[in-house]
Amino acid sequence: MEAPPVNAQNSATPFKDVVDLGIANCARQGLEPTDAEAAGRISLGLFFAETHGNQNAGNARSNTVQGQFTNRAI
């Protein structure tokens, strides 16, 4: 695991947090609980696809560190 930024909140389960955040976002949008759970797992896959598993890879405004999806045309 990488050291977090100095202003980051501590978490003993960062990957579970990614899934939980995906579930919460989808549930808030009105998805059924089982669909929201599947979407939460998908969000973890997207996290790895975008950051290659590096927790501190930057953010959407970063010009120096980009995941594999950021330069692709949609």
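The following questions and answers walk through a predicted model of one chain.

Student: How many helices and strands does the chain have?
Tutor: This is a predicted model, so the count describes a prediction. The helices are H1, residues 14-28, and H2, residues 33-51. No strand is present. The count is two helices and zero strands.

Student: What share of the residues counts as buried?
Tutor: A residue is buried when its relative accessible area is under 20%. The chain has 74 residues. The share that counts as buried is 19%.

Student: How much of the accessible surface belongs to carbon and sulfur atoms?
Tutor: Start with the total for the chain, about 5900 Å². Carbon and sulfur atoms hold a part of that surface. Their part is 56%.

Student: What span is expected for H1 at 1.5 Å a residue, and what does the helix reach?
Tutor: H1 has 15 residues. The expected span is 1.5 Å times one less than that number, which gives 21 Å. From first C-alpha to last, H1 reaches a length close to this, 21 Å.

Student: Where do the buried residues of H1 lie, seen down its axis?
Tutor: The buried residues in H1 are Val-19, Gly-22 and Cys-26. Seen down the axis, they fall within an arc of 60°. They therefore line one face of the helix.

Student: Which exposed residues sit on the face of H1 turned away from its buried side?
Tutor: Exposed means over 50% relative accessible area. The face in question points away from the buried side of H1. The exposed residues it carries are Leu-21 and Arg-28.

Student: Which helix is part of what covers the buried residues of H2?
Tutor: First, the buried residues of H2: Ala-36, Ala-39, Gly-40, Ser-43, Phe-47, Ala-49 and Thr-51. The cover works both ways, as H2 is part of what covers the buried residues of H1. For H2, the cover includes helix H1.

Student: Which residues does Ser-43 contact, leaving aside its neighbours within four places in sequence?
Tutor: Ser-43 lies in helix H2, where it is buried. Its side chain reaches the backbone oxygen of Gly-40 at 2.5 Å, but Gly-40 is one of the neighbours set aside here. Beyond those neighbours, Ser-43 touches Val-18, Val-19 and Gly-22.

Student: How far apart are the C-alpha atoms of Ala-38 and Val-19?
Tutor: Ala-38 is in helix H2 and is partly exposed, at 27%. Val-19 is buried in H1. Along the chain the two are 19 residues apart. Their C-alpha atoms are separated by 9.2 Å.

Student: What is the N to O distance in the salt bridge of Lys-16 and Asp-20?
Tutor: Both residues lie in helix H1, four residues apart, about one turn. Residues three or four places apart in an α-helix point the same way, because there are 3.6 residues a turn. Lys-16 is partly exposed at 49%, and Asp-20 is partly exposed at 32%. Their side chains meet with an N to O distance of 2.7 Å.

Student: Which residue forms a salt bridge with Arg-41?
Tutor: The search of the whole structure finds two salt bridges. Arg-41 is partly exposed, at 49%, and its partner is partly exposed too, at 43%. The pair is four residues apart in helix H2, about one helical turn. The closest N and O atoms are 3.3 Å apart, and the partner is Glu-37.

Student: Which residue just after H1 takes a positive phi?
Tutor: H1 covers residues 14-28, so the place to look is just past the helix. The phi there is about 105°. The residue is Gly-30.

Student: What percentage of the contacts with a separation of 6 or more joins residues 24 or more positions apart?
Tutor: Contact means heavy atoms within 4.5 Å. Take the contacts in the chain with a separation of 6 or more. Residues 24 or more positions apart account for 36%.

Methods:
Residues are numbered from 1 along each chain as its sequence is written. This is a predicted model: local features need pLDDT of at least 70, side-chain atom pairs count only at pLDDT 80 or more; totals for chains, interfaces and linings use all residues. Side-chain values use heavy atoms; hydrogens and water are left out. Buried means under 20% relative accessible area, exposed over 50%, partly exposed in between (1.4 Å probe, protein chains only). Accessible areas come from the Shrake-Rupley method with a 1.4 Å probe; for residues, only the protein chains shown count as cover. A salt bridge is a side-chain nitrogen of Lys or Arg within 4 Å of a carboxyl oxygen of Asp or Glu. A polar contact is a pair of N or O atoms within 3.5 Å; within protein, one must be able to donate a hydrogen and the other to accept it, and residues adjacent in sequence count only if both atoms are side-chain atoms. The arc is that of the directions from the helix axis to the C-beta atoms.
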